[in-house]
Amino acid sequence: MVTLDIDTARKVLAAQPFSVLLGARVEVFEKGRAILAVPIREDLKQQNGFLHGGVLAYAADNAITFAAGTTLGPEVLTSGVTISYVRPASGTTLLAEAEVTYTGRRQAVCRCDLYAVAEDGAQVLSAVAQGSVLCVS
């Protein structure tokens with residue numbers, strides 16, 4: 001049985017130097033679901049002023065893995081992610097909302113919607129991702 005504990009999830013994220021560099025936060029961590037937030041900063045943007053696609057891919061990857069961890073346990077690794085960018089991301093925060101769509105004994109498949117949040121709180125869908133996660137224990 002998997003123990004759901006947002007404090008432990010936050011400690012795991014804090015132990016990832018790249019996540020610390022980006023300023024990522026775990027906002028939601030519950031059975032079959034995780035939400036990761038990344039502040040949109042100038043140094044994370046590309047040449048046209050939008051959040052770099054690599055930041056969106058990072059957020060999708062990590063949110064998917066955290067969501068899968070709620071059903072598979074803590075010893076998991078991403079085995080694949082695909083992402084489709086639908087709108088440029090700009091605003092104050094990126095939210096990566098991942099949900100488990102399938103869990104087997106050793107693998108989970110998740111979907112992740114990525115939203116750019118404006119100062120007024122309005123959310124714009126910026127990308128959609130899907131990923132698979134494997135249990136490594």
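**Cysteines**

I looked up Cys-135 in this predicted model and found it buried, with a relative accessible area of 11%. The cut-off for buried is under 20%, so Cys-135 falls within it. I then checked Cys-110, which is buried as well, at a relative accessible area of 1%.

Next I asked how many disulfides the structure holds. The count is zero. A disulfide is a covalent bond between the sulfur atoms of two cysteines. For Cys-110, I noted that the nearest cysteine sulfur belongs to Cys-112 and is 8.8 Å away. For Cys-135, the nearest cysteine sulfur is that of Cys-110, at 13 Å. The cut-off is 2.5 Å between the sulfur atoms, so neither Cys-110 nor Cys-135 is in a disulfide.

**Sheet**

I traced the strand order next. The sheet is open, has six strands, and reads 1-2-4-5-6-3 with antiparallel pairing. Which strands stand at the edges? They are strand 1 (25-30) and strand 3 (76-85). Each has a single partner strand, so one side of each has no neighbour in the sheet. I recorded an average twist of 20 degrees from one strand to the next.

**Hairpin of strands 1 and 2**

I followed strand 1 to its partner. Strand 2 covers residues 33-39, and the two strands pair in the antiparallel sense over five bridges. I picked out two positions along the pairing. Glu-30 has Arg-33 of strand 2 as its bridge partner, and Val-26 stands opposite Leu-36, also in strand 2. The hairpin has two residues between the strands, and Gly-32 takes a positive phi near 80 degrees there.

**Helices against the sheet**

I checked which helices lie across the strands. Helix 1 (residues 6-14) lies across strand 1 and strand 2, and runs at about 140 degrees to strand 1. Helix 3 (residues 53-72) lies across strand 1, strand 2, strand 3, strand 4 (93-103), strand 5 (107-117) and strand 6 (123-135). I noted its direction as about 40 degrees to strand 4.

**Aromatic pairs**

I searched the whole structure for aromatic pairs and got two. A pair of aromatic rings is described by the distance of the centres and the angle of the planes.

In one pair, the ring centres of Phe-18 and Tyr-58 are 5.5 Å apart and the planes stand at 80 degrees, so I entered the pair as edge-to-face. The pair links distant parts of the chain, with Phe-18 in helix 2 (residues 17-22) and Tyr-58 in helix 3, 40 residues apart. Are the two residues buried or partly exposed? Phe-18 counts as partly exposed at 47% relative accessibility, whereas Tyr-58 counts as buried at 11%.

The other pair is Phe-29 with Phe-66, also edge-to-face, at 6.2 Å centre to centre and 85 degrees between the planes. I placed Phe-29 in strand 1 and Phe-66 in helix 3; they are 37 residues apart, and this pair too links distant parts of the chain. Both Phe-29 and Phe-66 are buried.

**Record**

Last, I looked at the UniProt record. The entry is unreviewed and lists residues 48-116 for "domain: Thioesterase". I computed the make-up of the chain over residues 48-116 and got 29% helix and 45% strand. The end C-alpha atoms of this stretch are 16 Å apart.

Technical notes: Residues are numbered from 1 along each chain as its sequence is written. This is a predicted model: local features need pLDDT of at least 70, side-chain atom pairs count only at pLDDT 80 or more; totals for chains, interfaces and linings use all residues. Side-chain values use heavy atoms; hydrogens and water are left out. Two strands pair if DSSP finds at least two bridges between them. Helices (H or I, at least four residues) and strands (E, at least two) are DSSP runs, numbered from the N terminus. Axes are lines fitted to C-alpha atoms, for helices over the stretch in contact, and angles run from 0 to 180 degrees between N-to-C directions. Contact means heavy atoms within 4.5 Å. Rings of Phe, Tyr and Trp (its six-membered ring) pair if their centres lie within 6.5 Å; planes under 30 degrees apart count as stacked, over 60 as edge-to-face and the rest as tilted. Buried means under 20% relative accessible area, exposed over 50%, partly exposed in between (1.4 Å probe, protein chains only). UniProt positions are given in the numbering used here, feature names are shortened, and annotations may be inferred rather than shown by experiment.
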